[in-house]
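Please open the model in your viewer and keep the sequence beside it, since this tour moves from one selection to the next and describes what is found at each stop.

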Amino acid sequence: MAEPLVLSRREGAIAVLTLNRPDKLNAVNAAMIDALGHALDEAEADESVRAIVLAGTGRAFSAGFDLDMGVGDGRPDPAAVRRALEKDYRIILRFWDSPKVTIAATQGYCLGSAMELAMACDLTIAADDCRFGEPEVKFGSGIVAMLLPWLIGPKQAKYLLLTGEDRVSASEAQSLGVVNRVVPAAVLMDEAIALARRIAANDAFAVRMTKQAINRSLDIGGMRQAMLNALEIDITVETSETAESREFNEILRRDGAKAAIAWRAGKNP
């Protein structure tokens, strides 16, 4: 019997949801999104759950969302791409909008849309071995949930997103405001659960309303509409074809990601 793609367990008032695809560095595919949605449904419906910790098995939190989201090997079908990206967007924003406090515990790699998933959590604790980044532009892709400018400012966001930087250390991520705390990898889960318990000990209604007030202040500032606009741009990026993207994708399919990125670097020194 196959292992569940998302493991769920309780630590008192804390629900721990764990991405469980370690052979793929917990790359998030469509089936995992469904499993994560069901696990969130259960945790949010349980009044005894006061906080949710999101973690990953093995040596990575997650290397990102799968590039192949079932849209085929040829020119992508715009309707299929839209469905896949909107599904990605919704699962990321569920952690932002959850009535429970959400805490990401990241280790190893936290890349691409997985970084967006961690940022969508209210708090993020990172192991000191964790590397962050959003390398989408290296692959000719866009950003699903454009949270980064709202959390670290446009200058820093442009640096990370336009370079496709994917080796940001945990300490650098903390200095940018992407991470709240950095801890030794050996105690990552202990620290994440301890933080969740500190929050769970507070008045549940006050915590929920305070989270809502903080999020609402960003919505009033235009974050939600800006993110929806950015999602539309991402759909345009993913469904557009240029001579460069056509050649890159052919090398990607034939020789793999390293060869395709090396081709791009050689073409544009």
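A residue counts as buried when its relative accessible area is under 20%, as exposed when that area is over 50%, and as partly exposed in between. The model on your screen is predicted, and the first selection puts that definition to use.

**First stop: Asp-255**

Select Asp-255, which you will find in helix H10, the helix formed by residues 243–255. Is Asp-255 buried, exposed or partly exposed? With a relative accessible area of 45%, Asp-255 falls between the two cut-offs and is therefore partly exposed. Now show the side chain of Arg-254 as well, and you can follow a polar contact of 3.1 Å that joins this side chain to the side chain of Asp-255.

**Second stop: Arg-264**

Move next to Arg-264, a residue of helix H11, which covers residues 257–267. Here the relative accessible area is 16%, and because this is under 20%, Arg-264 counts as buried. What does the side chain of Arg-264 reach at 2.3 Å? If you display the backbone of Lys-138, you will see that its oxygen is the atom in question. To view the surroundings, select Val-137, Lys-138, Phe-139, Gly-140, Glu-244 and Phe-248, with which Arg-264 is in contact once its neighbours within four places in sequence are left aside.

**Third stop: helices H1 and H2**

Turn now to helix H1, residues 30–45, and display H2 with it; these helices pack at an angle of about 30°, and their axes are 11 Å apart. Because angles under 35 degrees count as roughly parallel, H1 and H2 are described in that way. The crossing in which H1 passes H2 is left-handed. On the H1 side, the residues that make the contact include Ile-33, Leu-36, Leu-40 and Glu-44, while among those of H2 are Lys-87, Ile-91, Arg-94 and Phe-95. Sorted by class, this contact of H1 with H2 has 6 nonpolar, 1 polar and 6 charged residues.

**Last stop: helices H2 and H3**

Keep H2, residues 78–97, on display and add helix H3, residues 113–120, which packs with H2 at an angle of about 20°, the axes lying 7 Å apart. H2 and H3 are therefore also roughly parallel to each other, and their crossing is right-handed. To see the contact itself, select Ile-91, Ile-92, Phe-95 and Trp-96 in H2, followed by Ser-113, Glu-116, Leu-117, Met-119 and Ala-120 in H3. By class, the contact of H2 with H3 has 7 nonpolar residues, 1 polar residue and 1 charged residue.

Note on methods:
Residues numbered from 1 in each chain as written. Predicted model: local features only at pLDDT ≥ 70, side-chain atom pairs only at ≥ 80, totals over all residues. Heavy atoms only, no water. Axes fitted to C-alpha atoms, helices over the stretch in contact; angles between N-to-C directions. Helix = DSSP H or I, 4+ residues; strand = E, 2+ residues; numbered from the N terminus. Parallel < 35°, antiparallel > 145°, perpendicular 65-115°, else oblique. Left-handed = near helix turned anticlockwise from the far one by under 90°. Contact = heavy atoms within 4.5 Å. Nonpolar A, V, L, I, M, F, W, Y, C, P; charged D, E, K, R; others polar. Buried < 20%, exposed > 50% of the residue type's maximum accessible area, 1.4 Å probe, protein only. Polar contact = N/O pair within 3.5 Å; in protein donor to acceptor, adjacent residues only side chain to side chain.
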